[in-house]
Amino acid sequence: MNILELSEQEIIRRNSLNQLRELGINPYPADEYVVNAYSDDIREQFSDDAEPRPVSIAGRIMSRRIMGKASFIELQDSHGRIQVYISRDDLCPDENKDLYNVVFKKLLDMGDFVGIKGFVFRTQTGEISVHAQELKLLSKSLKPLPVVKVKDGVTYDAFEDPELRYRQRYVDLIVTAGVKDTFLKRATVLRTLRNELDAAGYTEVETPTLQAIAGGASARPFMTHFNALNIGMYMRIATELYLKRLIVGGFEGVYEIGKNFRNEGMDRNHNPEFTCMELYVQYKDYNWMMSFTEQLLEKICVAVNGSTETVIDGKTISFKAPYRRLPILDAIKEKTGYDLNGMSEEEMRDVCKKLGIEVDETMGKGKLIDEIFGETCEGTFIQPTFIIDYPVEMSPLTKMHRSKAGLTERFELMVNGKELANAYSELNDPIDQEERFKEQMRLADKGDDEAMIIDQDFLRALQYGMPPTSGIGIGIDRLVMLMTGNSYIQDVLLFPQMRPEKVAKRDKEEAFTALGIPAEWVAPIQKAGVLTVEALGGLERPGKLFQDLLDINKKYKLGYKAPTADEVKQWVEAAKAAQA
């Protein structure tokens, strides 16, 4: 790496790295370092009356206070932080004090990983700490961490820029309080979900992520190419159709927790790659699934938060069962005053116009109802509410309602104004299913790029007979948002999808040398902020660039023969001429 690409701190740390090696210290040792204690259990198990407890701990140096022959560091391990007291004479009992005076005081930095062996004690100020008797460098950090300070409960210089936090999650986890806890809670959500489904006797399975047909939902897929077979493939948008094949094959209940991919927008509630749990159980209907779901979510909330309540966006949400059940057309009538039941497509378009909702010609009745509900109703349901009995046009994979013509046995669970789950009494009539697929293809012909494609193999599976079945999909990311009180989906994804990192335009070396500039001076010119020949030609004060180059040559100890002020002026003139 060119030294000019490094900051002053990075150069200092690399120099320290070299000095450590010269002292015979491996900054990246390979041998195991045995840890027998963690920051939290050290504090929990400490007793002033007990014999000093010997411990071996390891972690990252987060701060240090050097005070002559004694110092303090704050060590961060996987459980939290703890103070370590380091005495020169305890660390270096012999005459050679280099481990303290040179290595610890001069060559170690914040961010370095160290191992500490010693005993637990309480300082004169009352803080439970570790008295170090041995110190070992485990890993040298070459980039400085952001300095985040907390005093009297107030955080200063927080690492707050979302662009940096999401792109450099590894730094965010180190320096931002509470971030790691969010992902530990996410793990609790998944663990509790699995435990409950396993306890109910259902089997976790895996189905293909690469699919020849993107089915199971109405969404725009990501497309790729399978070179070996020379065919187009899709990243799955749902696991539904494969899981139903397994119900046909004889499983009582199957579920999958996995990634789905939808080639759509990104916002605070959507990421194109997201985690979903889908469950299918034979001989059940959507009424049973509503009861099962509310009991499941109540248990998850208790496991994560210790109660049936969670707080998000300043609102307290109760997952205590049971939840309200409200037909979608009744919800629309309740919120807008319009009764869509029995309306034609044109009449619905007229309602949309009156409500100020934009629609286009590709939308059928299902999409129109979906738009009306989404614009006028969805955001109003804060407490968990089952929206039930969707029109058939909105539900191509759902069984017709047993008593309400034109409707299906489907529900969506709304919480905090957003959909959390989608479930059906699954359609198992292969002839009806084929007609529904054909209607979806007619919508595709009208330009709906989210309409489903006919899956002939799935239709063939249904023809062998699928028992009455209920299925549900739960968005795990949104569930974690609710359980942890995070308003942005990016805060519950370790590595959310990001736009490409912005990189300033920079001309290649050849563009500068063509002007007669020596090759070794191109990097210093760009270090001075002049990244392109165009920028060079636009300089009004060549003298400033000349001075900057002299300073860079000296600061970074490049040892280059310095150009004269006239030579730098000639470079600028040449750049102007090249653009004329």
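Is Y283 buried or exposed? I looked this up to begin with: Y283 has a relative accessibility of 59% and so counts as exposed. The model I am working from is a predicted one.

**Entry: Y283 and its backbone**

I placed Y283 in the loop between β13 (273-282) and α9. Its phi is positive, about 65°, although Y283 is not a glycine. I noted this since most residues other than glycine have a negative phi.

**Entry: D389**

I then looked up D389, where phi is near 60°, again a positive value in a residue other than glycine. D389 is in the loop between β17 and β18. Is D389 buried or exposed? I found a relative accessible area of 2%; the cut-off for buried is under 20%, so D389 is buried.

**Entry: H401**

H401 is also a loop residue, placed between β17 (385-388) and β18 (410-415). At 13% relative accessibility I count H401 as buried. Which residues does H401 touch, leaving out those up to four places away in sequence? I listed Y286, D389, L407, T408 and E409. D389 on that list is the residue I had just noted for its positive phi. I also took a distance from H401 to V147: the two are 254 residues apart in sequence, and their C-alpha atoms are 60 Å apart in space.

**Entry: the cis peptide**

Where is P322? I found P322 in the loop between β15 (315-318) and β16 (324-327). The bond joining A321 and P322 is a cis peptide bond, with omega about 0°. For context, most peptide bonds are trans. From A321 I went on to A228, which is 93 residues away along the chain; the C-alpha atoms of the two are separated by 51 Å. A228 is in the loop between β10 (223-226) and β11 (231-235). With a relative accessibility of 68%, A228 counts as exposed.

**Entry: the nonpolar cores**

Which residues touch the most other members of the largest nonpolar core? This core has 42 residues, and the ones I wrote down are M277, L279, I300, F319, F411, L420 and I472. Helix α9 (residues 286-305) gives the most to this core, namely nine residues. There is a second, separate core of 27 residues, and I noted A37, V55, L75 and V130 among its members.

I picked F319 for a contact list, leaving aside neighbours within four places in sequence. F319 is in contact with E294, L297, E298, C301, T308, T310, P384, V415, L420, L482 and M483. One of these, L420, is itself named with F319 among the residues that touch the most other core members.

**Entry: Q433**

Q433 sits in helix α13 (residues 430-445). Its relative accessibility is 0%, so I count Q433 as buried. Beyond the residues up to four places away in sequence, Q433 touches P396, L397, L427, F458, L459 and L462.

**Entry: α11 against α12**

How far apart are the axes of helix α11 and helix α12, and at what angle do the helices pack? For α11 (residues 345-355) and α12 (residues 365-376) I read an axis separation of 10 Å and an angle of about 25°. Angles under 35 degrees count as roughly parallel, and α11 and α12 are therefore roughly parallel to each other. Their crossing is left-handed. On the α11 side the contact is made by E345, M348, R349, V351, C352 and L355, and on the α12 side by K365, L368, I369, I372 and T376. I sorted the residues of this contact into seven nonpolar, one polar and three charged.

**Entry: α10 against α12**

I repeated the lookup for helix α10 (residues 328-336) and α12, which pack at an angle of about 50° with their axes 10 Å apart. That angle makes α10 oblique to α12. The crossing of α10 past α12 is left-handed. Which residues make the contact? I, as the reader of the model, noted I328, L329, A331, I332, K335 and T336 from α10, with I369, I372, F373 and T376 from α12. By class, this contact has seven nonpolar, two polar and one charged residues. I369, I372 and T376 of α12 appear in the contact with α10 and are also listed in the contact with α11.

Conventions. Residues numbered from 1 in each chain as written. Predicted model: local features only at pLDDT ≥ 70, side-chain atom pairs only at ≥ 80, totals over all residues. Heavy atoms only, no water. Core = buried A, V, L, I, M, F, W, Y, C linked by side-chain atoms within 4.5 Å. Buried < 20%, exposed > 50% of the residue type's maximum accessible area, 1.4 Å probe, protein only. Helix = DSSP H or I, 4+ residues; strand = E, 2+ residues; numbered from the N terminus. Contact = heavy atoms within 4.5 Å. Axes fitted to C-alpha atoms, helices over the stretch in contact; angles between N-to-C directions. Parallel < 35°, antiparallel > 145°, perpendicular 65-115°, else oblique. Left-handed = near helix turned anticlockwise from the far one by under 90°. Nonpolar A, V, L, I, M, F, W, Y, C, P; charged D, E, K, R; others polar.
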